[in-house]
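Me: I am new to this structure and would like to go through it in short questions. Please show it first.

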Amino acid sequence: MSQLIWAPELHEIDGKWYIYFAATHTHDLDALGMFQHRMFVLECAGQRSADRPLAGKRPGGSRLSIPSPSMPPLLPIRGNAGICGRKNPPHIEGNSNLYLAEMANPWTLKGEPVMLSKPEFDWECRGFKVNEGPAVLMHGDKLFISYSASATDENYCMGLLWIDRQADPLQPANWHKAPQPVFRTSYENRQYGPGHNSFTQTPEGEDVLVYHARNYTEIEGDPLYDPNRHTRLKLVSWREDGMPDFGIPPADTL
C-alpha cells in the first residue's frame with residue numbers, strides 16, 4: 001500500500017483516534033483503466049490517546065473490506081458509525097459512485113454497502129463520470145453529504161446530498177440530491193475546479209469549508225497529474241430553510 005497515498009482523514013471513535021486513507025500497491029491501472037486503490041485505517045491506541053493523538057501507539061494499517069479508492073467520512077447509523085466512500089463496480093457505466101455502509105467496528109463493515117449517488121447530470125460527467133470525495137456536514141434537522149464530480153480540471157465541482165436526521169440513511173430513497181452543483185469554478189475570481197472538500201469549525205462554532213482548487217487552467221495531459229491544487233478555506237452560510245450556501249470561491253489573497 002505504499003503507492004499513491006491519498007486523502008487521509010482523522011476521526012475519534014470510542015476514545016481512540018483513527019486515520020482512514022486510500023492507497024495502492026502500484027501506479028498501474030487495472031483492466032478498466034482505473035487506479036487500484038483500496039481503503040486502509042490506522043489506529044492510535046494507548047493511554048489518553050483521545051486527548052493526545054500524537055502520543056499513542058500506532059499499529060500497522062488494516063485494509064477495510066470494501067473496494068473503494070476514495071476516503072471515507074463517518075456518520076451515525078443506528079448508534080454505530082457509518083462509512084461513505086466511492087467505488088467503481090464494472091456493471092455500472094462511469095468511473096465512481098457513492099456508497100454507504102454501517103460499520104461493526106472502525107475496520108469492519110456490517111452488511112452490504114448501498115449506493116447513494118452515481119453520475120447522472122451533465123455537470124457530473126464532464127471529462128469523466130465521477131462522484132467522489134464525500135464529506136459529512138450536520139446542521140439542524142438535516143445531515144448533508146457533499147461530494148465532487150467530473151474531471152479534476154476546471155470542470156471539477158461539488159454536489160450535495162441530504163437527508164432528514166430521523167430518516168434511515170441506508171434507504172437510498174430517503175436521500176435528496178441537488179440537481180445543480182453547489183460550488184463550482186469562478187472564472188471572475190480565477191478559481192478553477194474547487195472540490196474534494198471537508199468540513200471543520202471555528203472556535204466560535206462557525207462551519208468552515210476546506211477544499212482545493214487551482215488558479216489557472218493551462219494543463220497539459222490528464223489534470224489528475226497536475227500537482228498544483230492548493231488548500232483553501234471558506235465560511236459556510238446557512239439559509240433560512242436550513243440549507244447550506246457555499247457561495248462562490250473567493251479570489252486568492254496570497
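Me: Is Tyr147 buried or exposed?
Reply: This is a predicted model, in which local features need pLDDT of at least 70, side-chain atom pairs count only at pLDDT 80 or more, and totals for chains, interfaces and linings use all residues. Residues are numbered from 1 along each chain as its sequence is written, and side-chain values use heavy atoms, with hydrogens and water left out. Buried means under 20% relative accessible area, exposed over 50% and partly exposed in between, with a 1.4 Å probe and protein chains only. Tyr147 has 0% relative accessibility, so Tyr147 counts as buried.

Me: How many helices and strands does the protein chain have?
Reply: Both are DSSP runs numbered from the N terminus: helices are H or I with at least four residues, strands are E with at least two. On that basis the protein chain has 0 helices and 17 strands.

Me: What percentage of the residues in the protein chain is buried?
Reply: The protein chain has 254 residues. The buried share of them is 48%.

Me: With which residue does Trp123 form a stacked aromatic pair?
Reply: Rings of Phe, Tyr and Trp (its six-membered ring) pair if their centres lie within 6.5 Å; planes under 30 degrees apart count as stacked, over 60 as edge-to-face and the rest as tilted. The structure holds 7 aromatic pairs. In the stacked pair with Trp123, the centres are 6.5 Å apart and the planes stand at 25°; the partner is Tyr147.

Me: How many residues apart are Trp123 and Tyr147?
Reply: Trp123 lies in the loop between strand 8 (108-117) and strand 9 (131-139), while Tyr147 is in strand 10 (residues 142-149). The pair thus links distant parts of the chain, and the separation is 24 residues.

Me: Which residues form one aromatic cluster with Trp123?
Reply: Trp123 is buried, at a relative accessible area of 5%. The other members of its cluster are Phe121 and Tyr147.

Me: Which strands are the edge strands of the open sheet?
Reply: Two strands pair if DSSP finds at least two bridges between them. Here 4 strands form an open sheet in the order 9-10-11-12, with antiparallel pairing. Strand 9 is joined to strand 10 by 7 bridges. The edge strands, each pairing on one side only, are strand 9 and strand 12 (176-177).

Me: Which residue in strand 10 is the bridge partner of Met138?
Reply: Strand 9 and strand 10 run antiparallel. In strand 10, the partner of Met138 is Leu143.

Me: Which strands each supply at least two residues of the largest nonpolar core?
Reply: A nonpolar core is a set of buried Ala, Val, Leu, Ile, Met, Phe, Trp, Tyr and Cys residues joined through side-chain atoms within 4.5 Å. The largest has 15 residues, and those touching the most other members include Phe144, Trp162 and Phe199. The strands that each supply at least two of its residues are strand 9, strand 11 (157-164) and strand 14 (207-214).

Me: How many residues are in the second, separate core?
Reply: Its members include Tyr147, Ala149, Cys157 and Trp175. The size of this second core is 14 residues.

Me: With the side chain of which residue does the side chain of His11 make a polar contact?
Reply: His11 is found in strand 1 (residues 3-13), and is buried at a relative accessible area of 17%. A polar contact is a pair of N or O atoms within 3.5 Å; within protein, one must be able to donate a hydrogen and the other to accept it, and residues adjacent in sequence count only if both atoms are side-chain atoms. The contact is 2.8 Å, and the partner is Glu9.
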